[in-house]
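Here are some exercises to work through with the model open beside you. Try each task before you read its solution.

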Amino acid sequence: MPKKTKILAIDYQHIQDCNSSRFQEAMAIYNEAFPSSERQSMVTVIERVKSGQSQLFVGIVKEQVVAMALLWDFKNSPFVLLDYLAVKNNCRGLEFGTQFFQFLAQMTIKNKQFLLLEAEHFQFGSNKEQRKKRIQFYIRNGAYLLSNVPYILPSLDGTASTEMVLMIAPKPPREILEKESIKDLIQRLYLEIYEKESNDPVLISLLDKIPEQIELTNTPLP
């Protein structure tokens, strides 16, 4: 029989000191994991963490930061954006991502809120299989796909924008998924997270395309 790999427990820390070694370790993972078109500048990250707009959490194993996450709490909203989640490159495949995501989800649920996720659309790009695996990861961990809600991530480095999907964990009650609630959510993403104007043409186009009925699915992708 193949030998089972021991799953190592993670210690979690909320990092607020941007001069700390933990912060630097987290940012190394951040820069490694995300392309510049999807990555906020270091100045923006530091400003948001210092002001408390963003919350930085790290997962630590044997005194080493193995995972990082940035969360954005939309005020007066049931949603918390999982802005970024990444595991250190040489620590992938060890269940750290699963443990970390479940920790964040449980923390959000205790606050009677829901995690909002942005994931690259699996029907676009040259890395379709990688995108599918990422979405399947979230589905396995209790997330639901807003399958008929169009969404585009504005480019953060002035290059091309990215077709995305929105996901929510855990499954919310129907009233949270009403059309006006989702319109408000997408508008706040563009205005608060990406600092766009309310008359941004891409934002206006997305808002116009939101359907009356929001379809949720956690069916594995083909």
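**Exercise 1. Place V45: find its element, decide whether it is buried or exposed, and give its C-alpha distance to L56.**

Step 1. V45 sits in helix α2, which covers residues 42-51. Helices here are DSSP runs of H or I with at least four residues, strands are runs of E with at least two, and both are numbered from the N terminus.

Step 2. The relative accessible area of V45 is 5%, so the residue is buried. The classes are: buried under 20%, exposed over 50%, partly exposed in between, with a 1.4 Å probe and protein chains only.

Step 3. L56 is 11 residues away from V45 along the chain, and their C-alpha atoms are 9.4 Å apart.

Before going on, note that this is a predicted model, where local features need pLDDT of at least 70 and side-chain atom pairs count only at pLDDT 80 or more, while totals for chains, interfaces and linings use all residues. Residues are numbered from 1 along each chain as its sequence is written, and side-chain values use heavy atoms, leaving out hydrogens and water.

**Exercise 2. Do the same for A86, this time with N31 as the partner.**

Step 1. Strand β4 is where you'll find A86.

Step 2. With a relative accessible area of 6%, A86 is buried.

Step 3. N31 and A86 are 55 residues apart in sequence, and their C-alpha atoms are 9.8 Å apart in space.

**Exercise 3. Describe the largest nonpolar core: how many residues does it have, and which elements supply it?**

Step 1. Get the rule straight: a nonpolar core is a set of buried Ala, Val, Leu, Ile, Met, Phe, Trp, Tyr and Cys residues joined through side-chain atoms within 4.5 Å.

Step 2. By that rule the largest core has 31 residues, and L82, L85, F101, L104, L115 and M167 have the most contacts inside it.

Step 3. At least two residues of this core come from each of β2 (54-61), β3 (64-73), β4 (79-87), α3 (96-110), β5 (114-120), α4 (128-140) and β8. Helix α3 gives the largest share, 5 residues.

Step 4. For background, nonpolar side chains tend to be buried together in soluble globular proteins.

**Exercise 4. Count the salt bridges, then work out how far apart the partners are for R188 and E192, E129 and K132, and E212 and K179.**

Step 1. A salt bridge needs a side-chain nitrogen of Lys or Arg within 4 Å of a carboxyl oxygen of Asp or Glu. The count is 8.

Step 2. R188 pairs with E192, the closest N and O atoms being 2.7 Å apart. Both are in helix α5, 4 residues apart, so about one helical turn separates them. R188 is buried at 16% relative accessible area, whereas E192 is partly exposed at 25%.

Step 3. E129 bridges to K132, with 3.9 Å between the closest N and O atoms. These two lie 3 residues apart in helix α4, again about one helical turn. K132 counts as buried because its relative accessibility is 18%.

Step 4. E212 and K179 meet at 3.0 Å, N to O. This pair links distant parts of the chain, 33 residues apart: E212 is in the loop between α6 (201-208) and β9 (216-217), and K179 is in helix α5. E212 is exposed, at 57% relative accessibility.

**Exercise 5. Look at the backbone: what is unusual about K62, E195 and the bond between A169 and P170?**

Step 1. Recall that most residues other than glycine have a negative phi, and most peptide bonds are trans.

Step 2. K62 has a positive phi, near 50°, and lies in the loop between β2 and β3. At 73% relative accessibility, K62 is exposed.

Step 3. E195 also isn't a glycine, yet its phi is positive, about 55°. Its place is the loop between α5 and α6, and E195 is exposed at 58%.

Step 4. The peptide bond joining A169 and P170 is cis, with omega about -10°. P170 belongs to the loop between β8 and α5.
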